[in-house]
Amino acid sequence: MDITDIHEALRNDLVEVAKLCYERRYICGTEGNFSIRLDEDLILTTPASTCKGRLKADELILTNLEGKPIEPTVRKPSTELAMHLTAYRKRPDVRAIVHAHPTVAVGFTVAGQSLAKCVLPEVVCTLGAIPVAPYATPSTDEVSKSIEELVTTYDALVMDHHGALALGKDIWDAYYKLETLEHHAETMMVAHLLGGVKPLHKSQVEKLMDIVGVYGLKKPACAPELLKPDACAKDA
Ligand SMILES: [Zn+2]
């Protein structure tokens, strides 16, 4: 496969992920934005004011790491692209980013409820804790500032009264992290409805951290946060 074919395949992957997010209602209307880092200074991203459920591969925009389109286009990149670029600068290992507005995870921030609880072993081993970035006015520099420290440690986070951000080694990896984040939030919501969340115990979380290698995973960078009293339950 030459580089043109690789880039075409990545365009198609991005369009497929955007459609999935729309169909699963992680975004609605013209919300959400997606990007792939094709090269150190070459970003493939989604246009502003376009329904991502009906996106076509030739509508995607190529920009440099400053967010400037590198070829003539009638479309503009999303106003939230700056947030993606901040994350790429902080994390050279990240090759793709998904930003959506999943209802349940965002609902937790609207209710002022924490998602940073150890409740599902799979989430503990893959994402670790899920933090909330402080509220920032959309489409301003505040958004990049609100996430820039968190993305150095976390691959998935929720943005207060706004949305979720997931970083991956490719666009599918980022998408699966978003899906896991929303699934975690849905499970937490059900637990709240049924009488309250009972987090895993500290010793259970420690054991999970010891065996993450069995699943072919690395210990999450935020592992120390998982053992704090807010995230897990005290052992009897
Ligand atoms: Zn947004």
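**Exercise 1. How many residues does the hairpin that joins β1 to β2 pass through?**

Solution. This is a predicted model, where local features need pLDDT of at least 70, side-chain atom pairs count only at pLDDT 80 or more, and totals for chains, interfaces and linings use all residues. Residues are numbered from 1 along each chain as its sequence is written.

Step 1. Find the elements. Helices (H or I, at least four residues) and strands (E, at least two) are DSSP runs, numbered from the N terminus. β1 covers residues 33-39, and β2 covers 42-45.

Step 2. Read the connection. The hairpin from β1 to β2 goes through two residues. Asp41 lies in this loop.

Step 3. Check the pairing. Two strands pair if DSSP finds at least two bridges between them. β1 and β2 run antiparallel and are joined by four bridges. Ser35 faces Thr45 of β2 across the pair.

**Exercise 2. Place β1 in its sheet, and say how enclosed this strand is.**

Solution. Step 1. Write the order. The open sheet has seven strands, in the order β3-β2-β1-β4-β7-β6-β5, and its pairing is mixed.

Step 2. Look at the edges. β3 (61-63) and β5 (132-133) each have a single partner strand, so one side of each lacks a neighbour in the sheet.

Step 3. Turn to β4. Strand β4 (residues 96-100) runs antiparallel to β1, with four bridges between them. Asn33 stands opposite His99, and Ile36 has Ala96 as its bridge partner.

Step 4. Judge burial. A residue is buried if 20 or more other C-beta atoms lie within 10 Å of its own, exposed if 12 or fewer, and partly exposed in between, with C-beta atoms placed from the backbone. In β1, five of the seven residues are buried, so the strand is largely enclosed by the rest of the structure.

**Exercise 3. Which strands do helices α2 and α3 lie across?**

Solution. Step 1. Take α2 (residues 81-90). This helix lies across β1, β2, β4 and β7 (163-168), at about 40° to β1.

Step 2. Take α3 (residues 103-110). This helix lies across β5, β6 (156-159) and β7, at about 55° to β6.

Step 3. Know the angle. Axes are lines fitted to C-alpha atoms, for helices over the stretch in contact, and angles run from 0 to 180 degrees between N-to-C directions.

**Exercise 4. Describe how α1 packs with α6.**

Solution. Step 1. Give angle and distance. Helix α1 (residues 3-23) and helix α6 (residues 171-193) pack at about 15°, with axes 10 Å apart.

Step 2. Classify. Angles under 35 degrees count as roughly parallel, over 145 as roughly antiparallel, 65 to 115 as roughly perpendicular and the rest as oblique. α1 and α6 are therefore roughly parallel.

Step 3. List the contact. Asp13, Leu14, Val17 and Leu20 of α1 meet Ile171, Trp172 and Tyr175 of α6. Residues are in contact if their C-beta atoms, placed from the backbone, lie within 7 Å.

**Exercise 5. Are Ser49 and Asp41 buried or exposed?**

Solution. Step 1. Locate Ser49. This residue sits in the loop between β2 and β3. Ser49 has a positive phi of about 55°, although it is not a glycine.

Step 2. Count for Ser49. There are 10 other C-beta atoms within 10 Å, so Ser49 is exposed.

Step 3. Count for Asp41. With 12 C-beta neighbours inside 10 Å, Asp41 is exposed.

Step 4. Find the contacts of Asp41. Leaving out residues up to four places away in sequence, Asp41 touches Asn64 and Leu65.

Conventions. Contact = placed C-beta atoms within 7 Å.
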